[in-house]
Number of protein chains: 2
Amino acid sequence: MSEIQRPGALYQQVAAAIREAILSGEFAPDSLLPSEAQLMARYGVSRPTVRNAIAALRAEGLIDVRHGKGSFVRSSGQPVLTIERRISRTTDGAFVMPGGDIWQESEEPSAYRTRTTKITGRLLGLGEEEALFGCDRLLVDPGTGTRAMHRTLIPFEVAEAVPLLAEEPCSHPAEIYRLLTQDGHKLTWTETVRAHMPLPDERTTLQLPDATPILHIARVAHGTDDRPLFLEELRFGADRAELAYRITADKQPARRTRT
Amino acid sequence: MSEIQRPGALYQQVAAAIREAILSGEFAPDSLLPSEAQLMARYGVSRPTVRNAIAALRAEGLIDVRHGKGSFVRSSGQPVLTIERRISRTTDGAFVMPGGDIWQESEEPSAYRTRTTKITGRLLGLGEEEALFGCDRLLVDPGTGTRAMHRTLIPFEVAEAVPLLAEEPCSHPAEIYRLLTQDGHKLTWTETVRAHMPLPDERTTLQLPDATPILHIARVAHGTDDRPLFLEELRFGADRAELAYRITADKQPARRTRT
DNA sequence: TGACGTCACTTGTCCTTACGAGTGATGACT
DNA sequence: AGTCATCACTCGTAAGGACAAGTGACGTCA
């Protein structure tokens, strides 16, 4: 069970052996792997080599290591929370978004003023360094413990053009959609989905385990003439939640888009 | 520029210092970082400590290291390819999907027979171990070099119920949608989006850099009575491509969904 | 001039040693 | 019996040394 030669570096051979044992079910999810000392003996290698192999498996998200306890096979668990990216409107004109009743705010939303970056400027159809109202929230789903960072961005010129909007730039998105609609806009939305590894601050505020990517959604509300009015960002750990969309066929032939 | 004490481990202090220098722009994207030897001298630490710090930055996706050359600041590059998740139908009844004209198949698609897993079974409204036609393709966008893995799964019972489908279970999805429609189905689709770290084989076939998550989309076609008929999976590196969706407001109030 | 070998630089791998720090059980002391 | 110190086990951090392997420039040789 210990002699392997094929691929390349020693630690990769060790990592491959452990990985195979995990994927084949020899090491069940949530079970305790052999300790570093045992792996050293089992494969006849030094501790740095064992630790290097373990580091590779951590980076793949296959195992979790707990100081003083050992390495555990990560319960490959599929996401436990499905976030429906849909928008509905009730007969009395209010907007309802799935998740609006799931998430709870863990703190007071923090409002601030900022400026567009290259990315947010592009999404909002503006240049760089345009003035914005910003509002950040930390959302928590008490059922699953899932945490998410939520941000809304409203251009100054939009806030000033819409009655009541400039006074409450940190309202709930559903309320903002209602104000925009009352102002005569017929809203449609586009969403952009990306994934990336967390920076340390995202890792801590979202309480992410090792090797857990972040799913990052940017929802832009478009009003009359398809003009971008409002940006809503959501980011959360991809280990706990997944996204769900509904699609129906258009009538017109589609054209590809590239950036 | 070398004395730091705050956070915790030495290598974390070194990593924090380098990270700050990168994010503040002191080290420009694509520029060469100091070599390990230089960092050892600069911070007065040993090589393992420097390498540990560098490993942390690699795991965050901030730098790329090339053997024999050095460490480079990753050009934080936003995705260069936007994949529109939309479906259109032309007047003559054919289905058109954006990306159908972008992607090229790098090899012959490989057809096979398999069985549902827990995940695919749930998506297709079946149990486990139900018989399926499978078809895998490797797609490449010659413009950006982006690679993607594509998979279609058709339950046996669906293939047998639809004329012509069982003979060509590895057709292009647009063709399959046409056959399903000709059989009398009015199609709608649901998509589930997840992100996870690649396994070694995904890493190699998609040619992914370090610390690059995979975006994984499962599109399910629903026919009459909302019955799931057909599963289409797409996965690609989140460093190169992003997803785009279009949303319009429903009429009915929405209800949350949990799994 | 051109081809090629060498050399200096880089990171990659692997080993040894040592100690710090978190965890849980064991056992002694009150 | 209950409390708490100790200990054995785990992983985390840090240092040192040695050699392999990839890269590119420089200089020599034909």
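A residue is near a DNA strand if one of its heavy atoms lies within 4 Å of that strand. With this cut-off in mind, the contact between protein and DNA can be described for the present model, which is predicted. Of the atoms of DNA strand D within 4 Å of the protein, 70% are part of sugar or phosphate, and the rest are part of bases.

The protein side of this contact consists of 22 residues surrounding DNA strand D. The closest come from both chains: Arg47(A) and Arg51(A) on one side of the list, and Leu10(B), Ser46(B) and Thr49(B) on the other. By character, the residues of this surface comprise six nonpolar, eight polar and eight charged.

Individual atom pairs show how bases and backbone of the strand are each approached. In chain A, an N or O atom in the side chain of His67(A) is 3.1 Å from a base oxygen of DNA strand D. In chain B, the side chain of Arg47(B) places an N or O atom 3.4 Å from a base nitrogen of the strand. Tyr11(B), by contrast, uses a backbone N or O atom, which lies 3.1 Å from a phosphate oxygen of DNA strand D. The elements that each give two or more residues to the surface near this strand are α3 (47-59) and β1 (63-66) of chain A, along with α1 (10-23) and α3 (47-59) of chain B.

A record also bears on this part of chain A. An unreviewed UniProt entry places the feature "domain: HTH gntR-type" at residues 8-76 of chain A. In the model, this span is 51% helix and 12% strand, and its end C-alpha atoms lie 27 Å apart.

The relation between the two protein chains comes next. Two copies of a chain are related by a rotation about an axis and a shift along it. Here, a turn of 180° and a shift of 0.0 Å along the axis lay chain A on chain B with an RMSD of 0.0 Å. That is the relation of a two-fold axis. The same surface serves both copies, since 100% of the contact residues of chain A recur in chain B.

One residue of chain A illustrates contacts within and between the chains. Glu242(A) belongs to strand β13 (residues 241-247) of chain A. Its relative accessible area is 3%, so Glu242(A) is buried. The side chains of Glu242(A) and Thr82(A) are joined by a polar contact of 2.8 Å. Beyond its neighbours within four places in sequence, Glu242(A) is in contact with Pro79(A), Leu81(A), Thr82(A) and Ile83(A), as well as with Arg122(B), Thr192(B), Val193(B) and Arg194(B).

Methods: Residues numbered from 1 in each chain as written. Chains lettered and ligands numbered in written order. Predicted model: local features only at pLDDT ≥ 70, side-chain atom pairs only at ≥ 80, totals over all residues. Heavy atoms only, no water. UniProt positions renumbered as here; feature names shortened; annotations may be inferred. Helix = DSSP H or I, 4+ residues; strand = E, 2+ residues; numbered from the N terminus. Polar contact = N/O pair within 3.5 Å; in protein donor to acceptor, adjacent residues only side chain to side chain. Nonpolar A, V, L, I, M, F, W, Y, C, P; charged D, E, K, R; others polar. Least-squares fit on C-alpha atoms with pLDDT ≥ 70 in both. Contact = heavy atoms within 4.5 Å. Buried < 20%, exposed > 50% of the residue type's maximum accessible area, 1.4 Å probe, protein only.
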